[in-house]
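Please open the model in a viewer and keep the sequence at hand. The tour below proceeds from selection to selection and states what is to be found at each stop.

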Amino acid sequence: MTDTRRTFLRKLAAAGAALTLSRVLPGELASAATTGKPWTPGMGLDVNFTVATQASGRVKRPYVALWIEDEAGKTVRSLSVWVQQNRLNPRWLAELRRWTRQNADLVSTVSSATRNPGTYAVKWDGKTDAGKLAEQGDYYVCIETAREHGPYSLVREKITVGTSAFKKTLGTDNDIEAASVAYGKA
């Protein structure tokens, strides 16, 4: 029985050490074993989405976050964040639950003013938040919206970025009435 406990504790300690190293070491060192092919030069991902055009009554401008995640759910690139700009810590920013959990410290660097409901387009050039080119592979496109006294919406869909162009229609949710991506020549 003692050997089993010791073995378990050794495995637990090794797993804890591996997790700690993956969080402490810079991204390049932590992911050295999983290095893939680099992003194809000259290619870009266009994300098109429509927010709350069918809403009725007194509609507040939505807070919107659009970002790219890796398969582990970690933010690769925050593409666009629309939040109220007249306060340092906007009251409703926390309603963008998924984006804020990892990226709240980026608000002052990536945010822009809220916008009226409508259709918008954002382009990802393949660069990470650190300014380096991402690798080819699987990513998640995430679009999150929230409004004061309004609905919460989240669309999170997987895409595979490689050398071939593609188009994909994403799902919808409450205020996100339409969303699509197109990967091709920038």
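Select strands β1 and β5 to begin: they pair in the antiparallel sense over seven bridges. Two strands count as paired if DSSP finds at least two bridges between them. Strands (E, at least two residues) and helices (H or I, at least four) are DSSP runs, numbered from the N terminus. Within this pair, N48 stands opposite A121 in β5.

The model is a predicted one, in which local features need pLDDT of at least 70 and side-chain atom pairs count only at pLDDT 80 or more, while totals for chains, interfaces and linings use all residues. Residues are numbered from 1 along each chain as its sequence is written, and side-chain values use heavy atoms, with hydrogens and water left out.

Next, display the side chains of β5. Which residues of β5 point to one face and are buried? They are G118, Y120, V122 and W124, whereas T119, A121 and K123 point to the other face and are not buried. Here, buried means under 20% relative accessible area, exposed means over 50%, and partly exposed lies in between (1.4 Å probe, protein chains only). In a regular strand the side chains alternate between the two faces of the sheet.

Remain with β5 and select K123 together with D46. Their side chains meet in a salt bridge, at 2.6 Å from N to O. The term denotes a side-chain nitrogen of Lys or Arg within 4 Å of a carboxyl oxygen of Asp or Glu. This pair links distant parts of the chain, with D46 in strand β1 and K123 in strand β5, 77 residues apart. D46 is partly exposed, at a relative accessible area of 28%, and K123 is also partly exposed, at 43%.

Now move to the end of β5 and select W124 with W39. The two form an edge-to-face aromatic pair, 4.6 Å centre to centre and with 65 degrees between the planes. Rings of Phe, Tyr and Trp (its six-membered ring) pair if their centres lie within 6.5 Å; planes under 30 degrees apart count as stacked, over 60 as edge-to-face and the rest as tilted. W39 lies in the loop between α2 (27-30) and β1 (43-51), W124 lies in strand β5 (residues 118-124), and 85 residues separate them. Are these two rings buried or exposed? W39 is buried at 2% relative accessible area, and W124 is buried at 0%.

Extend the selection to Y139, F166 and Y183, which ring pairs link with W39 and W124 into a cluster. The structure holds five aromatic pairs.

For another ring, select Y140 and R156: R156 lies over the face of Y140, at 3.8 Å from the ring centre. A charge sits over a ring if NZ of Lys or CZ of Arg is within 6 Å of the ring centre and within 35 degrees of the ring normal.

The last stops return to salt bridges, of which the whole structure has seven. Select D129 and R77, whose side chains meet at 3.7 Å, N to O. D129 is in the loop between β5 and β6 (137-146), and R77 is in strand β3 (residues 75-82), 52 residues apart.

Finally, select D138 and K158, which form a salt bridge with the closest N and O atoms 3.6 Å apart. D138 belongs to strand β6 and K158 to strand β7 (residues 152-161). Add E71 to the selection: salt bridges that share partners join E71, D138 and K158 into one network.
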